[in-house]
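Subject: Structure handover

Hello,

Here is the structure to take over from me. Please look through it first; my notes on what was found follow below.

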Amino acid sequence: MLKLVIFVAAGFLLYKLLMGDKKKKMEKSRQETEDQVEAGDMVQDPICGTYVSSDSRIRVKDGKQVHRFCSFECRDAYLERKKSGSEPS
Ligand SMILES: [Zn+2]
């Protein structure tokens, strides 16, 4: 019986350890993305919020601003939104 408790406790600790590590890794990659955003290497897709490389070919020029998109679907959604006039500014 005691063996079972130890086994379960060890399993739980291992689980926590693995999950904690995963979380740390996620935080690290998020930090890297933030650094790239600050450096201007990454820009946010205004449709889905995904960060895309600033040299992405999928882009739309809007006045002085250039928006970049993760996919043509997002670009089309942006153009559609712009056309219908629901985009503020
Ligand atoms: Zn997108």
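**Helix H1**

Helix H1 covers residues 2-39, and its 38 residues should span 56 Å at 1.5 Å a residue; the end C-alpha atoms are 55 Å apart, so the expected and computed lengths agree. Please keep in mind that this is a predicted model. The helix is hardly covered, with a count of 0 buried residues among its 38. Just after H1 comes Gly40, with a positive phi of about 85°.

**Overall layout**

The protein holds 2 helices and 4 strands. Read from the N terminus, their order is α-β-β-β-β-α.

The C-alpha atoms fill a box of roughly 70 × 30 × 20 Å along the principal axes. The radius of gyration is 22 Å, where a compact globule of 89 residues would have one near 12 Å. Burial is counted for 6% of the 89 residues. Of the contacts between residues at least 6 apart in sequence, 17% join residues at least 24 apart.

**Two domains**

The protein is divided into domain 1, residues 1-39, and domain 2, residues 40-89. Their C-alpha centres lie 34 Å apart. Across the boundary, 4 residues of domain 1 are in contact with 4 residues of domain 2. On the side of domain 1 that touches domain 2, the residues divide into 2 nonpolar, 2 polar and no charged.

**Helix H2 and Tyr78**

Helix H2 takes in residues 72-84, which makes 13 residues. From its first C-alpha to its last it reaches 18 Å, close to the 18 Å expected at 1.5 Å a residue. Gly85, just after H2, has a positive phi of about 75°.

One residue of this helix deserves a separate note: Tyr78 is located in H2. Does Tyr78 count as buried or partly exposed? A residue is buried if 20 or more other C-beta atoms lie within 10 Å of its own. Tyr78 has 19 C-beta neighbours inside 10 Å and therefore counts as partly exposed.

Leaving aside residues up to four places away in sequence, Tyr78 touches Pro46, Ile47, Val60, His67 and Phe69. For one of these, Val60, the C-alpha atom is separated from that of Tyr78 by 8.8 Å, and the two residues are 18 apart along the chain.

Regards

Conventions. Residues numbered from 1 in each chain as written. Predicted model: local features only at pLDDT ≥ 70, side-chain atom pairs only at ≥ 80, totals over all residues. Rg over C-alpha atoms; globule rule 2.2 N^0.38 Å. Buried ≥ 20, exposed ≤ 12 C-beta atoms within 10 Å, placed from the backbone. Contact = placed C-beta atoms within 7 Å. Domains from an automatic or database assignment. Nonpolar A, V, L, I, M, F, W, Y, C, P; charged D, E, K, R; others polar. Expected span 1.5 Å × (residues − 1).
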